[in-house]
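Okay, thanks everyone, I'll keep this short. Let me put the structure up, and then we'll go straight to some helix packing and after that the contact between the chains.

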Amino acid sequence: MTAKPLTGRLPIARLSFYIVCVVLVGVMWQVTNYVNSRPYPTAPESQPEMDKAVDAYENINNLLITLGTGLLGAMGFLLTSKPRQHYRLREMWPAILSAVFVGLSLYFGYISYQNVEFVLLNSVGTLDVDLVQLPKTAHFYTLLLGVFFFADFVMQDLGKAD
Amino acid sequence: MKRTNMKARRLLPVLKLALGCLFLFPALLQSQMPQRPGRLTVDSTPPGAAVTIDSQPMSRPTPFTFVLSPGQHSVSVSGKDQAGREMRCTASLNIVAGSAKAVHCTAKGWDPPVK
């Protein structure tokens, strides 16, 4: 028996997808608000130290964003490389979770970048503030979760091919 | 089942619109951007006293200009005066976004007094 393709499901499934999206965006809105309202007292560092910190931040941010977009591309390739193979919803969960976490990782990457820009424009003088550190940490750990679920999906997919 | 599907079909455009608004508006809202910080210059006589802000010891002694997020902050300066007596000043300061404030600690307390 072949599974029903996900794209041809009832409108109720599409409705649940949009409801989940709205809830997710609402939660992220609140999280961003919380991060951006964290109090910070700082003693600005000297310019060379700040330049080094920004360089290190940029390198890691670029690397994580490249890994995230690469992971999404690999996921898309895996899902479309076998057009005749339809996945059941329960087989798709790791792929869905992986895509959600990688999406969140990219979002947190953007927020931390926006806040680094804020720190530089307002001469806060250090990156050691919750405004930058919280989204930066979330950026890394959500990507890690995305990689974990992607690996789970790939293992399941390989098992199916055998 | 058919009625539920019909309702779902009618709700879809509304949800899509709500999602679009949720995606676009946060970027325009002030609450989604950090507020501009304020500056607080902490000085003391004699200089070199330790500064603690929000129970967090600062890496720089007085005199120094610290950068603080807007809102209420507790500031404490401790050290020894020229006669070797303990000097301690504590205050709760309201920092306004984009503003600059200065406080000066002596053995007799804040000079001028901090409100």
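So, α2 and α3 of chain A: in this predicted model, those two run roughly antiparallel to each other, because their axes cross at roughly 155° and anything over 145 counts that way. For orientation, α2(A) is residues 47-80 and α3(A) is residues 89-121, and the axes come within 10 Å. The handedness of that crossing is left-handed.

Who makes the contact? From α2(A) you've got, among others, A:V54, A:Y57, A:L64, A:G68 and A:L79. Across from them, α3(A) brings in residues including A:A95, A:S98, A:V102, A:G109 and A:V116. And what's the chemistry of that contact? We get 14 nonpolar residues, six polar, and no charged ones.

Okay, on to the two chains. Chain B puts 32 residues into the contact, and chain A puts in 27. On the chain B side, the elements giving two or more residues are α1 (2-24), β4 (64-68) and β5 (71-80). Which of them gives the largest share? That's α1(B), with 12 residues. By type, the side of chain B that touches chain A splits into 18 nonpolar, nine polar and five charged.

Last bit: there's strand pairing across the chains too. β1 of chain A, which is residues 41-42, pairs with β4(B) in the antiparallel sense, over two bridges. If you want to find the spot on screen, look for A:P41, whose bridge partner in β4(B) is B:L68.

That's me done, happy to take questions.

Note on methods. Residues numbered from 1 in each chain as written. Chains lettered and ligands numbered in written order. Predicted model: local features only at pLDDT ≥ 70, side-chain atom pairs only at ≥ 80, totals over all residues. Axes fitted to C-alpha atoms, helices over the stretch in contact; angles between N-to-C directions. Helix = DSSP H or I, 4+ residues; strand = E, 2+ residues; numbered from the N terminus. Left-handed = near helix turned anticlockwise from the far one by under 90°. Contact = placed C-beta atoms within 7 Å. Nonpolar A, V, L, I, M, F, W, Y, C, P; charged D, E, K, R; others polar. Pairing = 2+ DSSP bridges.
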